[in-house]
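Visitor: Hi! Could we walk through this one together?
Guide: Gladly, here it comes.

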Amino acid sequence: MAGKNQNSNPFINYRGKPLVRQGNTMYYGFPYEKYITMLQILGTENKYDEEMSTDVSVALISTDESLPMPKRIIDTTVKKGLYPALLIANIWLERKLSEEKNETKIEA
């Protein structure tokens, strides 16, 4: 088929990582890495005939399923709007994953 990319990812990508939404909850990052971020839309308002998020909770979470959920939560915040929430989610995730890579290099 012309124009059909067979290697296309079924998920939306933001800065090279998948962004998956289910209802008012979004997960950002690869589930096989040590950390992901969870974004929850806490409030919305109608602007320009569209529903826009107002408050978005962001949590950096360990993917280590051997830990209980409260211990898996590394950091949390609430941001005004989806874009600022995605920015902080990306910053936290990149920093934590790079820390893990640096620790692995030091141990080797």
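Visitor: Let's start with charges. Which residue forms a salt bridge with Lys17?
Guide: Glu94 does, with the closest N and O atoms 3.3 Å apart. A salt bridge here is a side-chain nitrogen of Lys or Arg within 4 Å of a carboxyl oxygen of Asp or Glu.

Visitor: And where do Glu94 and Lys17 lie?
Guide: Glu94 is in helix α2 (residues 82–107) and Lys17 in strand β2 (residues 17–22), so the pair ties together parts that are 77 residues apart in sequence. Helices (H or I, at least four residues) and strands (E, at least two) are DSSP runs, numbered from the N terminus.

Visitor: Before I go on, what kind of model is this?
Guide: This is a predicted model: local features need pLDDT of at least 70, side-chain atom pairs count only at pLDDT 80 or more, and totals for chains, interfaces and linings use all residues. Residues are numbered from 1 along each chain as its sequence is written, and side-chain values use heavy atoms, with hydrogens and water left out.

Visitor: Fair enough. What is the mean pLDDT of the protein?
Guide: The mean is 87, and 86% of the residues reach 70 or more. pLDDT is the predictor's confidence in each residue, from 0 to 100. Over residues 1–6 the pLDDT is below 50, and this stretch has zero contacts in the model beyond near neighbours in sequence. Contact means heavy atoms within 4.5 Å.

Visitor: Back to that ion pair. Is Lys17 buried or exposed?
Guide: Lys17 is buried, with a relative accessible area of 9%, while Glu94 is partly exposed at 35%. The cut-offs are under 20% relative accessible area for buried, over 50% for exposed and in between for partly exposed (1.4 Å probe, protein chains only).

Visitor: What does Lys17 touch?
Guide: Leaving out residues up to four places away in sequence, Lys17 touches Ile12, Tyr28, Gly29, Phe30, Glu33, Leu93, Glu94 and Leu97.

Visitor: Phe30 caught my eye. Where is the place of Phe30?
Guide: Phe30 is in the loop between β3 and β4. With a relative accessible area of 22%, Phe30 is partly exposed. Not counting residues up to four places away in sequence, Phe30 touches Gly16, Lys17, Pro18, Tyr35 and Ile36. The C-alpha atoms of Phe30 and Thr63 are separated by 9.7 Å, and these two residues are 33 apart along the chain.

Visitor: How many salt bridges does the structure hold?
Guide: Four. Among them is Glu45 with Lys47, where the closest N and O atoms are 3.7 Å apart. Glu45 is partly exposed, at 35% relative accessible area, and Lys47 also counts as partly exposed, at 39%. Another is the pair Lys96 and Glu99, at 3.6 Å from N to O. Lys96 and Glu99 both lie in helix α2, three residues apart, about one turn of the helix.

Visitor: Switching to the fold: how many helices and strands does the protein have?
Guide: The protein has two helices and eight strands, and along the sequence the pattern reads β-β-β-β-β-β-β-α-β-α.

Visitor: Why is strand β4 largely enclosed?
Guide: Six of the seven residues of β4 (residues 35–41) are buried, so the rest of the structure largely encloses this strand.

Visitor: Which strand pairs with β4 over four bridges?
Guide: That is β3 (residues 25–28), in the antiparallel sense. Two strands pair if DSSP finds at least two bridges between them. Tyr27 has Met38 as its bridge partner in β4. The hairpin of β3 and β4 has six residues between the strands, and Gly29 there takes a positive phi near 125°.

Visitor: And over how many bridges do β4 and β7 pair?
Guide: Seven, also in the antiparallel sense, with β7 covering residues 55–62. Tyr35 stands opposite Ser62 in β7.

Visitor: Last topic, the interior. How many residues has the largest nonpolar core?
Guide: It has 17, and those with the most contacts inside it are Tyr28, Leu39, Val58 and Leu93. A nonpolar core is a set of buried Ala, Val, Leu, Ile, Met, Phe, Trp, Tyr and Cys residues joined through side-chain atoms within 4.5 Å.

Visitor: Which elements give two or more residues to this core?
Guide: They are β3, β4, β7 and α2. The largest share, seven residues, comes from α2.
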